[in-house]
Amino acid sequence: MNNNVIIGTAGHIDHGKTTLIKALSGIETDTTQEEKDRGMSINLGFAYFDLPSGKRCGVVDVPGHEKFIKNMLAGVSGINLVLLLVDSREGIMPQTKEHIDILTLLGIENYIIVMTKIDLVEEEYRELVKEDIREFIAGTVLENSPIIEVDSISKKGLDKLLETIDKKTEDIEAKNIEKNARLNVDRSFQVKGFGTVVTGTLTEGVVNVGDELVIYPKGIKTKVRNIQVHAKDVERAYAGQRTAINLANIKFDDVKRGDTLATADSLTKTYMLDSEIKLINDERDNLELWDRVRVYIGTEEVMARVVPLGTDLLKAGESSFAQLRLEDEIAVKNYDKFIIRTYSPMITIGGGVILDASPKKHSRFNEEILEKLKVQLEGNTSDLIANYILSHNNYLVSKDSIVKDLQLPEEEVVESIAQLVETATVYETKLGYIHKKKYEEVLEKLKKLLVEYHNRFKLKVGIPKIEVLSKFKLSQKETLEMLDLFIENNEIRLEGNLVAEKDFVVNYDKKQLAEKERIEKALLEGGFTPPTIKDLTNGEKPKVEILESLIDNTIVRLDADLVLHADVLKEAIQKVEEHFSVNEQMGLAEFRDMTGSSRKYSMAILEYIDKLGITRRVENYRVLAKK
């Protein structure tokens, strides 16, 4: 059972919504003098009442007049049961139909049809109206909704209505309180002595007094000073509750209806939406490229241009993909629903669901994009995660990012990722997961780089790792992780500090091989005081090429003219580590004595070991880098 039920009232103007709410709750929702004078609800009412079971229901009274449809749209955010009111004297009216269209497009499935003002109509006539209602709702989500007859003045039928509401709300799924907090602001006002107050339905998460939240899309940080639920101060509000929140350090102009109060970094600020749009079955209401429409999402109204995707025309009665180019920035997330109305005259023509809250401009007939949107719309958890990893700006995506951005339970994410790794749809690294398509993209670029390098430098085992790092858009850490992954998967190989094609072999001719062996032997025999590059090559180009082919493989370059055999470097590192096993620091003279080398060579070798991150210099001493 859901203890946080929000009930909305909908229906044509003057069909008795406000009077019914007052009869149920004792609260009059026409709160402004203008509302009282005009006899209609202009702004959203705010009331509550108790059911026979003891459950408390928050109520949103939404206006019925055509001019105030956008207020009605603001009110449906968070509603999970609708009382659709029909005047027994008039039956179904134009705005009744529009309200039904809007509520259906927003995915609301629970309804009670309330025939009002029954004391003013003979029973025989009421039966005819009831028959008309049943005929009208046939084939819609309201088809099996109960019809309750009431009169709010005499209170006739109210007990039966309360019992029916109680029964209908038993099976309503509780709002997800595990998600980040989100409240779509439908009212903002100043209270003397308290400051700025916002109201709305807390659609997701939990809000506590003292919580730090953000006002979107402006990105203004604020703190919760006080919370009211059903006119009582509380320490905490839960998803599904109608809530008033007093915000600290916020000026009246900082927040307005249409804004969203939410956990930091939980929403995407955007000027574009990729979506699926469903148009009402009215042959007049097709949408073409660049048509200007009004988009209602949460409590916000924003103008937008329509860009059909995968089709030239959004046809009435059908569902299609489309990108919406917004004229103002909004803050949303994937799977938020919205309503579309024509620019002028303002007529509700459809609704939709956000599939990508942060898309790029792309071709209208891009098959990859269309497939991605199809997965977003229909895919299971594994498909959604794979799609998220593929479309993410980063190549390597962490598990925490997946959990946070997709708002999925961690256990479900872990299980789905394991399946994706097992089927090689994604690959795992220490920094996160990469989709196979991005893996193949990076690998193809790397292999092309290696082929070009091998063709150009036939005597070099491979390209220095540091040079590879500069060739990719990935960060240095990501590139190193990718190289490790490619090596693990036997796509490439690493020789010392050189990256090479897995099957590449340097082919020395007899003369070159002899020169190679001479250089390596001279360096081994030289130990910690080896001959210089000039000594080894006499500046002769063929000898220089042989020596350079060995750098970062069997020899290392210390500086412009000093090289050292890799085995000698390993011995130097071993001596350094042995020294630090019993000492806190090491001087240049100590290293020179350990190796028997000259000051010149000792300095060059120690500086190279510093670059490897094993040691670091502190004044005239070395210490272990990790200390």
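Here are some notes on the fold, the spaces inside it and a few backbone oddities, for a model that is predicted.

1. Overall shape. The chain carries 19 helices and 34 strands. Its radius of gyration is 35 Å, well over the 25 Å that the globule rule gives for 627 residues, so the chain is more spread out than a compact globule. The C-alpha trace tells you how that spread is laid out: about 115 × 55 × 40 Å along the principal axes.

2. Burial and contacts. Spread out or not, 52% of the 627 residues count as buried. If you take the contacts with a separation of 6 or more, 66% of them are between residues 24 or more positions apart. The accessible surface comes to about 30,600 Å², and carbon and sulfur atoms own 46% of that.

3. The second largest pocket. If you're hunting for open space, this pocket holds about 680 Å³. Its lining runs to 23 residues, and Asn497, Asp552, Val556, Tyr608 and Leu612 are the ones that lie nearest the centre. Helix 12 (465-469), helix 13 (476-488), strand 30 (555-557), helix 17 (566-580) and helix 19 (599-611) are the elements that each give two or more residues to this lining. Helix 17 supplies the largest share, with four residues. The chemistry is mixed: eleven of the lining residues are nonpolar, four are polar and eight are charged.

4. The cavities. How many cavities of 30 Å³ or more does a search of the whole structure find? The count is two. The largest cavity has about 40 Å³ of space. Its lining is made up of Val442, Leu446, Phe472, Leu474, Thr479, Met482, Leu483 and Phe486. Helix 11 and helix 13 are the elements giving two or more residues there, and helix 13 gives the most, with four. By class, the lining splits into seven nonpolar residues, one polar and no charged. Helix 13 is worth a bookmark in your viewer, as it turns up in the lining of this cavity and also in that of the second largest pocket.

5. Helix 8. This helix, residues 381-391, is mostly covered, with eight of its eleven residues buried. The buried ones are Thr381, Ser382, Leu384, Ile385, Ala386, Asn387, Tyr388 and Ile389. As a reminder, an α-helix has 3.6 residues a turn, so residues three or four places apart point the same way. In helix 8 the buried set includes the consecutive residues Leu384, Ile385, Ala386, Asn387, Tyr388 and Ile389. The cover over these buried residues includes helix 7 (367-378), helix 9 (399-406), helix 10 (410-422) and helix 11 (436-456), along with strand 25 (426-429) and strand 26 (432-435).

6. Cis peptide bonds. Most peptide bonds are trans. Two to look at here both lead into a proline: Tyr216 to Pro217 is cis with omega near 5°, and Ser344 to Pro345 is cis with omega about -5°. Pro217 lies in the loop between strand 11 (212-216) and strand 12 (220-229). Pro345 sits in the loop between strand 23 (337-342) and strand 24 (348-356).

7. Positive phi away from glycine. Most residues other than glycine have a negative phi. Ala424 is not a glycine, yet its phi is positive at about 60°; it is placed in the loop between helix 10 and strand 25. Those two elements are also among the cover of helix 8. Glu619 likewise has a positive phi, about 55°, without being a glycine, and is found in the loop between strand 33 (615-618) and strand 34 (621-624). Are these residues buried, partly exposed or exposed? Ala424, at 30% relative accessibility, counts as partly exposed, while Glu619, at 69%, counts as exposed.

8. Gly8. This glycine is found in strand 1, residues 5-11. At 2% relative accessibility, Gly8 counts as buried, since the cut-off is under 20%. Which residues does Gly8 touch, not counting those up to four places away in sequence? They are Val60, Ile79, Leu81, Val82 and Leu83. Gly8 and Gly58 are 50 residues apart in sequence, and their C-alpha atoms are 8.5 Å apart in space.

Conventions. Residues are numbered from 1 along each chain as its sequence is written. This is a predicted model: local features need pLDDT of at least 70, side-chain atom pairs count only at pLDDT 80 or more; totals for chains, interfaces and linings use all residues. Side-chain values use heavy atoms; hydrogens and water are left out. On a 1 Å grid over the protein atoms alone, a cavity is a set of points where a 1.4 Å probe fits but cannot get out, and a pocket is an open set with protein on both sides within 12 Å along at least five of seven lines; lining residues have an atom within 4 Å of a point. Grid points are joined across faces, edges and corners, and a volume is the space filled by probe spheres set on the points. Ala, Val, Leu, Ile, Met, Phe, Trp, Tyr, Cys and Pro count as nonpolar, Asp, Glu, Lys and Arg as charged, and the others, Gly among them, as polar. The radius of gyration is taken over C-alpha atoms; the globule rule is 2.2 Å times the number of residues to the power 0.38. Buried means under 20% relative accessible area, exposed over 50%, partly exposed in between (1.4 Å probe, protein chains only). Contact means heavy atoms within 4.5 Å. Accessible areas come from the Shrake-Rupley method with a 1.4 Å probe; for residues, only the protein chains shown count as cover.
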